Amino acid sequence: MALALCLKYVNVDAGVEVGIERLDDVSFETSGTALELLQAKHHIDRVASLTDKSVDLWKTLRVWSQAAANDPTLPARTRLALVTTGSAPDDSAAAMLRPAGAYPVGKARDPKAAAALLGAVAEAGGNQELKAAYAAFLALGPTMRISLLSSIEILDDQPLVTDLDEVIEKDLRMLAPRGQAPIARERLEGWWWPRVCKALMARPAEPISVLEVEAKLDDIRDGLKRAALVADQEYVDPTGDEIADYEGRPFVRQLKVVGVGGNRIEYAKRDYYRAFTQRSKWVREHLVFDGEIAKYEQTLIEEWQPRFQQMCDKIGDRETTDAGRRQAGQELYSWVEADARFPFRTVSQRFLTVGSYHILANDLRVGWHPDYETACAADEV
């Protein structure tokens, strides 16, 4: 929640710091002075109701009443917010304290009426669990109660923690390329959680500057530029069914024709799978330009062509035995396995080049045996 809320300060106020469990559940501060104090009330198994006798409401009022008693200037300079998944009933004090823009035409915030309702509940008592909260609120006096409630905003019906992904992604859409907001959020959260832990472990708990968030967002923005692809399928393995399905594919038959076997076949299947899924993922996420994969494949083909022709010229008419032609094909494929590394933009991982060659071999656009087209056809028969 703190991460979602602090995004509104990014590139707006570099002097703001966000605190967690410092001045309140979440706080926004400048030089140690609170701008906003937020109490968070999250309910999963039930829909909480913020009635005038709500435990959530009164526990929050106790914290802020005591803070206002210690520092009477607090309500005048600080926004106090109760962020809750619960709902404020119509005509309740909480409903009278929603943000100004939350009301329909003809209705408005009414801290004075809310103070009267809550004062009556506190004076009546009846809930021993809230006795201290009632006392703290009544101790402020009528004028200070209205002042306190004037600074309070009730943010009810807020998203569950599981729905905050969507909230954060909405704010990141202007940052990330089309379709990349979920990736931007994942990277931001991946940095945020350990940073929060570090802040909480400090004594006293330290705030996190919005400048740090801005710097991380700049880093993420650079990483998500269309020129900077992320190869995240490098260690993904095919399932057993997919491995079995590959057995009869042309790219596997090509390897068997030149005598490649054993684990090298399994490595080839793995590289084919990783390259195929990586390229497909980039296309789905709109990270590659039209025709860009075709141009990459053409580069691979043109790097293969002279090497294939050299192999054929070397064999010529002198090598007519099948074993010799198979051996020559193995040597060509060994170049792909060990040395062929052609980057796709900034991505130069082995699996992408080797797997892409297998994708081409699967369509018989490249081959290893001098007579790979007819040899594979014969092998299939």
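Two residues are in contact when they have heavy atoms within 4.5 Å of each other. Keep that in mind for Leu 140, which touches Ser 65, Ala 68, Ala 69, Arg 145 and Leu 148, leaving out residues up to four places away in sequence. What you're looking at is a predicted model, and Leu 140 is a handy place to start exploring.

**Leu 140 and its neighbours**

Leu 140 sits in the loop between helix H5 (131-138) and helix H6 (142-151). Is this residue buried or exposed? With a relative accessible area of 14%, Leu 140 is buried, because buried means under 20%. One of its contacts, Ala 68, is 72 residues away along the chain, yet the two C-alpha atoms are 7.9 Å apart in space.

**The whole protein**

Now zoom out. The protein's secondary structure adds up to 16 helices and six strands. The radius of gyration is 33 Å, well over the 21 Å that the globule rule gives for 381 residues, so the protein is more spread out than a compact globule. You can picture that with a box: along the principal axes, the C-alpha atoms fill roughly 105 × 45 × 40 Å.

How much of the protein is buried? Buried residues account for 48% of the 381. The accessible surface comes to about 19100 Å², and carbon and sulfur atoms own 52% of that. As for charge, there are 47 positive and 59 negative side chains, and the centres of the two sets lie 3 Å apart.

Contacts tell you about the fold too. Take the ones between residues at least 6 apart in sequence: 69% of them join residues at least 24 apart.

**Ala 94, Ser 54 and Met 311**

Ala 94 belongs to the loop between strand S4 (79-84) and helix H4 (111-124). Its relative accessibility is 0%, so Ala 94 counts as buried. Who does it touch? Setting aside residues up to four places away in sequence, Ala 94 is in contact with Leu 50, Asp 52, Ala 88 and Ile 154. Leu 57 is 37 residues from Ala 94 in sequence, and their C-alpha atoms are 8.0 Å apart.

Ser 54 is found in another loop, the one between strand S3 (33-41) and helix H2 (55-70). Ser 54 counts as buried because its relative accessibility is 7%. Beyond residues up to four places away in sequence, Ser 54 touches Ser 49 and Leu 130.

Met 311, on the other hand, is part of a helix, H13 (residues 292-315). At 8% relative accessibility, Met 311 counts as buried. Its contacts, again not counting residues up to four places away in sequence, are Ala 328, Gly 329, Leu 332, Trp 368, His 369 and Pro 370. What about Arg 350, 39 residues from Met 311 in sequence? The two are 23 Å apart in space, C-alpha to C-alpha.

Here are those sequence and space separations side by side:

| Pair | Apart in sequence | C-alpha to C-alpha |
|---|---|---|
| Leu 140 and Ala 68 | 72 residues | 7.9 Å |
| Ala 94 and Leu 57 | 37 residues | 8.0 Å |
| Met 311 and Arg 350 | 39 residues | 23 Å |

**Some unusual backbone spots**

Most residues other than glycine have a negative phi, and most peptide bonds are trans. With that in mind, look at Glu 21, whose phi is near 60°, a positive value in a residue other than glycine. Glu 21 is in the loop between strand S1 (17-20) and strand S2 (26-30), and its relative accessible area of 53% makes it exposed.

Asp 91 also has a positive phi, near 65°. Asp 91 lies in the loop between S4 and H4, and it is exposed, with a relative accessible area of 59%.

Where is there a cis peptide bond? The bond from Arg 203 to Pro 204 is cis, with omega near 0°. Pro 204 is in the loop between helix H8 (181-201) and strand S6 (208-209).

**And the cysteines?**

How many disulfides does the structure hold? Zero. Cys 6 is in no disulfide, and the nearest cysteine sulfur, on Cys 197, is 16 Å away. A disulfide needs the two sulfur atoms within 2.5 Å, so a separation of 16 Å rules out that pairing. Cys 6 is buried at 0% relative accessibility, while Cys 197 is partly exposed at 48%.

Key:
Residues numbered from 1 in each chain as written. Predicted model: local features only at pLDDT ≥ 70, side-chain atom pairs only at ≥ 80, totals over all residues. Heavy atoms only, no water. Buried < 20%, exposed > 50% of the residue type's maximum accessible area, 1.4 Å probe, protein only. Helix = DSSP H or I, 4+ residues; strand = E, 2+ residues; numbered from the N terminus. Rg over C-alpha atoms; globule rule 2.2 N^0.38 Å. Areas by Shrake-Rupley, 256 points an atom, 1.4 Å probe, with all protein chains shown as cover. Lys, Arg positive; Asp, Glu negative; His and termini not counted. Charge placed at Lys NZ, Arg CZ, Asp CG, Glu CD.
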